Amino acid sequence: MGGVALRDPVRGLTSLLAAVAVPLAVCLLLLPARGALSDSNVVLILMLVVAAVAALGNRGAAVLTALSAAVSFVFFFASPYETLTYIDNADEAITTGLLLVVGLVVSQLARRYSRERAIATTLQRSLLPPVLPDISAVRAACRYVPAEAEVGGDWFDLIPLPGFRTALVVGDVAGHGLSSAVTMGRLRTAVRNFSTLDLPPDELLARLDEVVIQMDAEAGAGADGTVAATCLYAIYDPVSCSCVMARAGHFPPAIVCPDGRAEILDLPECPPLGVGGLRFEAYERQLPADTQLVLYTDGLVEDRRRDVETGLKLLCDALTGAGLDPEETCETILEAVLPARPIDDVALLIARTHAFPRDHIAEWDIPASPAAVSTLRAEVSAKLADWNLEEETAFTTELILSELATNAIHYGEPPVHLRLLHEAKLVMEVSDSSSTSPHLRYAATTDEGGRGIFLVAQFAERWGTRFTPTGKIVWAEQPAPSGPVVPVLA
């Protein structure tokens, strides 16, 4: 990214100098044929030059080109002194005025374009994450490179999930300008909202597909109202070192194995968002510790001067033998793969995986008997003492355990399983084979039950339910400060 940033001022200065020099060079070339050309012919040629520069997308250069053309015409094809003091030639007055009008019109267009671009860029930057969250499961780095002409709708995100899992997202909204940036913000917000439901990647993309269809319906049936977007959503679990991914019309991710070998993952190809009626397929891959997962948008590998296959090969070649630092890998990719003049935005997200420490995991099978809960509390208390957690943590953990385990035994289906995960937080997960989810109730003073989940919600920082192919997991998370601990409810 540093090399790209250094090239931008040089590129901008070169464009400005060329804008001034091009009309001057055209006038010098036309000067030998001055007798054969009328002033109108010369003005027409210079106006075509101004229009060509404006078509390239650099409005500032177009303004300088128009002003340079006006000055060059006056100097080479009219007497400068007479033009500035007394004009007796109507053609000279008309043609000089036309050039100045063109310059003023292009300048006004440039001002409006610059204002819209500034608004779109500010909105785009505000909707992207300013910094990536500090997550223990992965070490991540990101880059966003806007297109030279207009800002687009590329985005990325890193979302912490319960159980120390992490969601990695990258997406792309077709088109450029303010509308694409707004659509990107709506889709990114929708993904974050759906992630709180702890949905698997294929189900999350199905719901996001419904959001895009609804956005199309709100915009109307016109072609301008159609939203075209792609997305890739992945969930990495550091406990099992597995990653579940699904894509909607997006390029598949790349991985860099710990031995330095790079490959493009063969994810099932699913339709873009907004098509509707088609299912999304998930793909699971084991990612050992120190594997780098690389998510990107199409602007990185697509370019006018090369095909997609060439771009993907360049990406694999750049990743082969890359180091373990995601920041350095980002720089390597941009230097080797990024087009010289990107016509589309580029979003890049790289995450280096970590494995959850095995000695910070404790698991128990819970017999289908309420009498087993007291014995389980004693074993959990002993494990908390091994982890040197505070007495208050032990008390709340045993209280939460009593409620969740009892609910699973009474209302769930065997087998019932308990898992504790200890790091900066203490996470308790009670799983069973039932798909019935507990819900929070506010029991009246005369009710004999209905307070269990209410107590869990009061003592835990967060709690929730995650559905699995074999049932569900009810989890609760609480802080885990270190300190001496003794059994409280044993």
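What follows is a working chat about a predicted model.

Biologist: Which residues have the most contacts inside the largest nonpolar core?

Modeller: W155, L187, L205 and Y233 do, in a core of 54 residues. Strand β4, residues 229-237, gives the largest share of this core, with seven residues.

Biologist: What does L187 touch, leaving out residues up to four places away in sequence?

Modeller: With those left out, L187 touches W155, V173, L208, V211, V212, M215 and A229.

Biologist: And which residues does the second, separate core include?

Modeller: That core has 28 residues, and I366, M428, V430 and A476 are among them. As general background, nonpolar side chains in soluble globular proteins tend to be buried together.

Biologist: Now the surface. Which residues make the nonpolar patch?

Modeller: L16, V20, L64 and L67 make a nonpolar surface patch of about 290 Å². Helices α1 (2-30) and α3 (59-77) are the elements that give two or more residues to the patch.

Biologist: Where is L64 placed, and is L64 buried or partly exposed?

Modeller: L64 is in helix α3. Its relative accessibility is 30%, so L64 counts as partly exposed.

Biologist: Switching to cysteines. How many disulfides does the structure hold?

Modeller: Zero.

Biologist: Why is there no bond from C330 to the closest cysteine sulfur?

Modeller: Because the closest cysteine sulfur, in C142, is 7.1 Å from the sulfur of C330, which is too far for a bond. The cut-off for a disulfide is 2.5 Å between the sulfur atoms.

Biologist: Is C330 buried or exposed? What about C257?

Modeller: C330 is buried, at 0% relative accessibility. C257 also counts as buried, at 11%.

Biologist: Salt bridges next. What is the count?

Modeller: The count comes to 19 salt bridges. In one of them, the side chains of R143 and E327 meet at 2.9 Å, N to O.

Biologist: Which parts does the R143 and E327 pair tie together?

Modeller: R143 lies in strand β1 (residues 138-145) and E327 in helix α9 (residues 326-337), so the pair ties together parts that are 184 residues apart in sequence. R143 is buried, with a relative accessible area of 13%, whereas E327 is partly exposed at 35% relative accessibility.

Biologist: What is the N to O distance for E263 and R261?

Modeller: Their side chains meet in a salt bridge at 3.2 Å. E263 is partly exposed at 22% relative accessibility, and R261 is partly exposed at 43%.

Biologist: And for R305 and D303?

Modeller: That salt bridge is 3.6 Å, N to O. R305 counts as exposed, at 62% relative accessibility, while D303 is buried, with a relative accessible area of 14%.

Biologist: Which residues are linked in a network of salt bridges?

Modeller: R165, D198, R419, E429 and R466 are linked that way.

Biologist: Two single residues to finish. Where is A457, and what does A457 touch beyond residues up to four places away in sequence?

Modeller: A457 is in helix α12, residues 452-459. Not counting residues up to four places away, A457 touches L440 and W463. A457 is partly exposed, with a relative accessible area of 24%. The C-alpha atoms of A457 and I400 are separated by 9.1 Å, with their positions 57 residues apart along the chain.

Biologist: Which loop holds G277, and is G277 buried or exposed?

Modeller: G277 lies in the loop between β7 (262-264) and β8 (283-286). G277 counts as exposed, at 85% relative accessibility. G277 and D209 are 9.4 Å apart in space, C-alpha to C-alpha, and 68 residues apart in sequence.

Technical notes
Residues numbered from 1 in each chain as written. Predicted model: local features only at pLDDT ≥ 70, side-chain atom pairs only at ≥ 80, totals over all residues. Heavy atoms only, no water. Core = buried A, V, L, I, M, F, W, Y, C linked by side-chain atoms within 4.5 Å. Buried < 20%, exposed > 50% of the residue type's maximum accessible area, 1.4 Å probe, protein only. Helix = DSSP H or I, 4+ residues; strand = E, 2+ residues; numbered from the N terminus. Contact = heavy atoms within 4.5 Å. Patch = residues over 30% accessible without salt bridge, like charges linked within 9 Å, V, L, I, M, F, W, Y side chains within 5 Å. Areas by Shrake-Rupley, 256 points an atom, 1.4 Å probe, with all protein chains shown as cover. Salt bridge = Lys/Arg side-chain N within 4 Å of Asp/Glu carboxyl O.
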